[in-house]
Amino acid sequence: MNDRVFLDTNVLIYFYSDDDEIKRNIAYHTLNNHDCVTNIQALSESCNVWLKKYSWNTEKIKAHLDNIELVCNEILSIHRSTITKALALKGRYGYSYYDCLMLASALDGDCRIIFTEDMSDGQIINDTLKIVNPFGKTQFY
């Protein structure tokens, strides 16, 4: 296992994608080769995508949530302190509030990497958290 990594919503979505086999394989590789964590926000956003974009029924979604809990070592909660940290990150880095909430959760979870395709690949947040777009690489991260 490598460093503890945080999975943004898009990694969870691609893990179950029938539309993009390459991204699905990258997401699968990521989950199998890292100490992965995510948060309640990512699970909620995933549910929303699966309901609206893919028209999945609730039983299928529940089964996928169960699978995510099996492969992620921890599902982080969002606390008032996480929100405060997200607001500070918003002021410092300028990402959307919800992206900053993901970053704050990753920092709270002692992650060294956040896998996402939504932020600046390679940027370091608060001198400890590296943003990595695993889908933009030519090789698996």
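**Note on the cysteines and the α5/α6 contact**

1. At 4% relative accessibility, Cys72 counts as buried. This is a predicted model, and the values below are computed from it.

2. There are zero disulfides in the structure. Cys72 is therefore unpaired: its nearest cysteine sulfur belongs to Cys36 and lies 5.7 Å away, whereas a disulfide needs the two sulfur atoms within 2.5 Å.

3. Cys100 has no bonding partner either. Its closest cysteine sulfur is in Cys111, and at 16 Å that is too far for a bond. Cys100 is also buried, because its relative accessibility is 0%.

4. Cys100 also takes part in a helix contact. It is one of the α6 residues that meet α5. Helix α5 covers residues 80-93, and helix α6 covers residues 97-108. Their axes are 8 Å apart and the packing angle is about 120 degrees. That angle makes α5 oblique to α6. The crossing of the two helices is right-handed.

5. Which residues in α5 and α6 meet? On the α5 side they are Thr82, Ile83, Lys85, Ala86, Leu87, Leu89 and Lys90. On the α6 side they are Tyr97, Cys100, Leu101, Leu103, Ala104, Ser105, Leu107 and Asp108. By type, the residues of this contact are ten nonpolar, two polar and three charged. Lys85, Lys90 and Asp108 are the charged ones. Thr82 and Ser105 are the polar ones.

How values were computed: Residues are numbered from 1 along each chain as its sequence is written. This is a predicted model: local features need pLDDT of at least 70, side-chain atom pairs count only at pLDDT 80 or more; totals for chains, interfaces and linings use all residues. Side-chain values use heavy atoms; hydrogens and water are left out. Buried means under 20% relative accessible area, exposed over 50%, partly exposed in between (1.4 Å probe, protein chains only). Axes are lines fitted to C-alpha atoms, for helices over the stretch in contact, and angles run from 0 to 180 degrees between N-to-C directions. Helices (H or I, at least four residues) and strands (E, at least two) are DSSP runs, numbered from the N terminus. Angles under 35 degrees count as roughly parallel, over 145 as roughly antiparallel, 65 to 115 as roughly perpendicular and the rest as oblique. A crossing is left-handed if the near helix is turned anticlockwise from the far one by less than a right angle, and right-handed if clockwise. Contact means heavy atoms within 4.5 Å.
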